[in-house]
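Thanks for coming. I have one structure to show today, and I will put it on the screen before I say anything about it.

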Amino acid sequence: MSEEAKAPFPPYTEETAKQKVRMAEDAWNTKDPVKVSMAYTPDSRWRNRDVFPVGRAQIQELLTSKWQKEHDYRLVKELWAYDNNRISVRFAYEWHDDEGNWFRSYGNENWQFNEQGLMQERHASINDLPISESERKFHWPLGARPLDHPELSEMGL
């Protein structure tokens, strides 16, 4: 295995797919673009809304820009399906803009991995729903979601 390998490796089982999803969620909740980008191949291809970054440098630029405008970001990902080297997830995250307007962003991602467990492709569809602060559901301290926090399905999302 290369020094860039990121277990668990394909082919995925339900258990290893769930582990991979949680690892991704935890990394994204750090809001560290470099850390997040290291889970992707150096030439990874993305579709993120209407942006199509290729490679870690462009991924880092996108994430840096994203987290400069999405304050108090908290994300939950949930396994939807898996097969061999592909995983599909659904997710929701909450954040507010510079003016204090809150949003819950919903979406789906399709992921494809190489043999070393690095993501080669990420296709994300995302919609933003304005919410009031009282409608927020994600209240844990910034960082990783606590292990006992409900999943999206358990919250009716």
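I will go through the strands, then the aromatic rings, then the cavity and pockets, and end with one loop residue.

First, a caution: this is a predicted model.

Let me start with strand E3, residues 86-96, and its two partners. On one side there is strand E2, residues 71-83, which pairs with E3 in the antiparallel sense over 10 bridges. To give you two points of register, Leu-79 has Val-89 as its bridge partner in E3, and Tyr-82 stands opposite Ile-87. E2 and E3 make a hairpin with two residues between them. In that turn, look at Asn-84, where phi is positive, about 55°.

The other partner is E4. E3 and E4 also run antiparallel, and 11 bridges join them. Here the pair to look at is Trp-95, which stands opposite Phe-103 in E4. These two strands form a hairpin as well, with five residues between them. Gly-100 has a positive phi in this one, near 90°.

Now, how enclosed is E3 by the rest of the structure? Of its 11 residues, 10 are buried, so the strand is largely enclosed.

On to the aromatic rings. The count of aromatic pairs comes to 10. I will describe two of them. Trp-111 and Phe-113 are edge-to-face, with 6.0 Å centre to centre and 85° between the planes. Both of these residues, Trp-111 and Phe-113, are buried. The second pair is Phe-138 with Trp-140, which is tilted: the centres are 5.5 Å apart and the planes are at 35°. Phe-138 and Trp-140 are buried too.

There is also a cluster. Ring pairs link Trp-28, Tyr-40, Trp-46, Trp-67, Tyr-73, Phe-91 and Tyr-93. Two members of that cluster have a lysine to deal with. The charged end of Lys-77 sits over the ring of Trp-28, 5.2 Å from the ring centre. The charged end of Lys-77 also sits over the ring of Phe-91, again at 5.2 Å from the centre.

That brings me to the cavity. How many cavities of 30 Å³ or more does the structure hold? One. The space in it is about 40 Å³. Its lining includes several residues I have already named: Trp-28, Tyr-73, Lys-77, Phe-91 and Tyr-93 are among them. Also in the lining are Asn-48, Lys-66, Leu-75, Glu-109, Arg-122 and Ile-126. By class, that lining divides into six nonpolar, one polar and four charged residues. E2, E3 and E5 each supply at least two residues of it, and E2 gives the most, with three.

Next, the pockets. The largest pocket has a volume of about 240 Å³. It is lined by 15 residues, and those nearest its centre are Lys-6, Met-23, Ala-24, Ala-27 and Ala-39. Helix H1, residues 14-28, helix H2, residues 33-37, and E4 each supply at least two lining residues. Which of these supplies the largest share? H1 does, with six residues. By class, the lining of this pocket has 10 nonpolar, one polar and four charged residues.

The second largest pocket holds about 200 Å³ of space. Among its lining residues are Arg-49, Asp-50, Lys-69, Glu-70 and Asp-128, and Trp-95, which we met opposite Phe-103, is in the lining as well. Helix H3, residues 56-69, and E3 are the elements that give two or more residues to this lining. H3 has the largest share, with four residues. The classes here are four nonpolar, two polar and six charged. Asn-48, Lys-66 and Tyr-93 line this pocket, and these residues also line the cavity.

Last, one residue in a loop. Glu-115 lies between strand E4, residues 102-113, and strand E5, residues 119-131. Is Glu-115 buried or exposed? Its relative accessible area is 55%, and the cut-off for exposed is over 50%, so Glu-115 counts as exposed. It also has a neighbour from far along the sequence: Pro-10 is 105 residues away in sequence, while the C-alpha atoms of Glu-115 and Pro-10 are 6.3 Å apart in space.

That is what I have. I am happy to go back to any of these on the screen.

Conventions: Residues are numbered from 1 along each chain as its sequence is written. This is a predicted model: local features need pLDDT of at least 70, side-chain atom pairs count only at pLDDT 80 or more; totals for chains, interfaces and linings use all residues. Side-chain values use heavy atoms; hydrogens and water are left out. Two strands pair if DSSP finds at least two bridges between them. Rings of Phe, Tyr and Trp (its six-membered ring) pair if their centres lie within 6.5 Å; planes under 30 degrees apart count as stacked, over 60 as edge-to-face and the rest as tilted. Buried means under 20% relative accessible area, exposed over 50%, partly exposed in between (1.4 Å probe, protein chains only). A charge sits over a ring if NZ of Lys or CZ of Arg is within 6 Å of the ring centre and within 35 degrees of the ring normal. On a 1 Å grid over the protein atoms alone, a cavity is a set of points where a 1.4 Å probe fits but cannot get out, and a pocket is an open set with protein on both sides within 12 Å along at least five of seven lines; lining residues have an atom within 4 Å of a point. Grid points are joined across faces, edges and corners, and a volume is the space filled by probe spheres set on the points. Ala, Val, Leu, Ile, Met, Phe, Trp, Tyr, Cys and Pro count as nonpolar, Asp, Glu, Lys and Arg as charged, and the others, Gly among them, as polar.
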